[in-house]
Amino acid sequence: AIVPAVALLSHVYSPILPGGRKFSEATWYSVDIVKLSQYYLSDLDDFLSFISSASNPSQILHRVAPLLACTKGPQVALKVLVAYVVADVSNLALKWPLQGDRPFWMDASVRQFGGNTCEVGFGMPSGHVQVTVAAYAIVADAFKSRTANCLVVVAVMLTALSRVHMGAHTPLQVSCGCIVGLATALAVRTSDRAIMQWGSHRMSNHARFTYAAAVALLIIGGIAAENGFLLSQNVGIYASIPNAVEACRGGLHAVVSSARGIARDIGALLGGVLGVCVRYLGVSVAVAPRVSFFDFCIAVASVEAGLLLSGLFESGLLGLFHPAASLAPDMPGGGTWMGVVGADEGAATVAIFGKYFLILTLGVGVSPVLRDKFSGVKGGGEVKMATR
């Protein structure tokens, strides 16, 4: 919270720099700090590029939530998944009205790092930082240790630095992403009882999945309503697309389009909840046992196998639905409905929904069962067969 507070004060007490610019503009909105980072930290280019890729929010869906389902139980995995979905959807809802130019299209001298730099959406607030803070704060809360807290702080700081260094965000954008991420984590913690009940064996699987479907419809309806309202007010919510396409010198990261982002979030939510349902099939309660190194290796192997299957499934869906591409009408600003890039967005949206639905179903539901089976553990000795 300190950085935006200083930014606000610098607006009020802002000296004029050589060239006529205010200190606040040079510090928070221009690309000066980005270029300074790229100059003085050039030896860390590869490391920070790796951090930027590793902190991609999709990693939470690919590995973090499934591994938590294997080691901490389905309720903790669902809690992290809820934090992810709320943070990612709210990030999109904020970016359309707040917008925010990205450094790489503000100044041609900013060095670019392929897909780590060239994203097509607006920059305010940073999605990487917002989702990282929201999800990993919940992870740290689950482990309840100072070590976990310190690791999360270091991860957030490195993520913020990497996004500035990549030329994808200004310091103010990553700072605001951090604040909104903390607010999201706080909201999830406040709703802890409801979320834990949602992931509990006490709720029937029918009711559990019905609530998930209702939330998915609410997300779609809310985003569609905001999209329509902003377009009716002539807000240029697609203006970032031509800016990014024109400025990018290779490696445009079009996967982050809004339609695919919402499809990913909904697919992950429904898949994760279905995974919880699968986890409770035949048992009355699923309490994660103490996990040995061998158990953890089995969990990692099963999660990676699930990712491989999900990737093949996505490729198959793309091949199946490719003739039905372009399901959304073109909109002004170089994109389609929801601000997407490319004529095959319909097929890609369906494929990414299916991919993440399968990833979370396998990761949250099947991987823990396989871990128990291959390690010779039946719920850590705490899972009882259901009597109903």
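**Figure 1. Salt bridges in the predicted model.** The chain of this predicted model holds ten salt bridges, counting a side-chain nitrogen of Lys or Arg within 4 Å of a carboxyl oxygen of Asp or Glu. Side chains of opposite charge can pair when their charged atoms come close. Two pairs that involve Glu 119 are shown in Figure 2, and a network that includes Asp 141 and Lys 144 is shown in Figure 3.

**Figure 2. Glu 119 with Arg 102 and Arg 163.** Glu 119 forms a salt bridge with Arg 102, where the closest N and O atoms are 3.4 Å apart. Arg 102 sits in the loop between helix 6 and helix 7 (103–106), and Glu 119 in the loop between helix 7 and helix 8, so this pair ties together parts 17 residues apart in sequence. Glu 119 also forms a salt bridge with Arg 163, with 3.1 Å between the closest N and O atoms. That pair links distant parts of the chain, since Arg 163 belongs to helix 9 and lies 44 residues from Glu 119 in sequence. Relative accessibility is 1% for Arg 102, which counts as buried. Glu 119 is buried at 6%, and Arg 163 is buried at 0%.

**Figure 3. A salt-bridge network around Asp 141 and Lys 144.** Salt bridges link Lys 79, Asp 141, Lys 144, Arg 189 and Asp 192 in a network. Within this network, Lys 144 pairs with Asp 141, the closest N and O atoms being 3.7 Å apart. Lys 144 is exposed, with a relative accessible area of 66%, whereas Asp 141 counts as buried at 17%.

**Figure 4. The largest nonpolar core.** This core has 52 residues, and Trp 198 and Leu 360 touch the most other members. At least two residues each come from helix 5 (58–71), helix 6 (74–98), helix 8, helix 10, helix 11 (192–198), helix 12 (205–232), helix 14 (258–279) and helix 16 (345–375). Helix 6 gives the most, with 13 residues. Beyond its neighbours within four places in sequence, Leu 360 is in contact with Leu 61, Ala 65, Leu 81, Ala 268, Gly 271, Gly 272, Gly 275 and Gly 365. Apart from this core lies another, of twelve residues, among them Ala 148, Val 152, Val 164 and Val 174.

**Figure 5. The two sides of helix 4.** In helix 4 (residues 45–54), the buried residues are Asp 45, Leu 48, Ser 49, Ile 51 and Ser 52. These residues are on the same side of helix 4, because they cover an arc of only 160 degrees around the axis. An α-helix has 3.6 residues a turn, so residues three or four places apart point the same way. The buried residues of helix 4 pack against helix 8 (127–143) and helix 9 (146–165). Asp 46 and Phe 50, on the other side of helix 4, are exposed.

**Figure 6. Gly 177 in helix 10.** Gly 177 lies in helix 10 (residues 171–190) and is buried, with a relative accessible area of 0%. Not counting residues up to four places away in sequence, Gly 177 touches Pro 125, Ser 126, Val 129 and Gln 130. From Gly 177 to Met 124 the C-alpha to C-alpha separation is 7.6 Å, although the two are 53 residues apart in sequence.

**Figure 7. A nonpolar surface patch.** Leu 36, Tyr 39 and Tyr 40 make a nonpolar surface patch of about 420 Å². Leu 36 is part of helix 3 (residues 32–40) and counts as partly exposed at 47% relative accessibility.

How values were computed: Residues are numbered from 1 along each chain as its sequence is written. This is a predicted model: local features need pLDDT of at least 70, side-chain atom pairs count only at pLDDT 80 or more; totals for chains, interfaces and linings use all residues. Side-chain values use heavy atoms; hydrogens and water are left out. Buried means under 20% relative accessible area, exposed over 50%, partly exposed in between (1.4 Å probe, protein chains only). Helices (H or I, at least four residues) and strands (E, at least two) are DSSP runs, numbered from the N terminus. The arc is that of the directions from the helix axis to the C-beta atoms. Contact means heavy atoms within 4.5 Å. Patches are made of residues with over 30% relative accessible area and no salt bridge: like charges are joined within 9 Å, nonpolar side chains (Val, Leu, Ile, Met, Phe, Trp, Tyr) within 5 Å. Accessible areas come from the Shrake-Rupley method with a 1.4 Å probe; for residues, only the protein chains shown count as cover. A nonpolar core is a set of buried Ala, Val, Leu, Ile, Met, Phe, Trp, Tyr and Cys residues joined through side-chain atoms within 4.5 Å.
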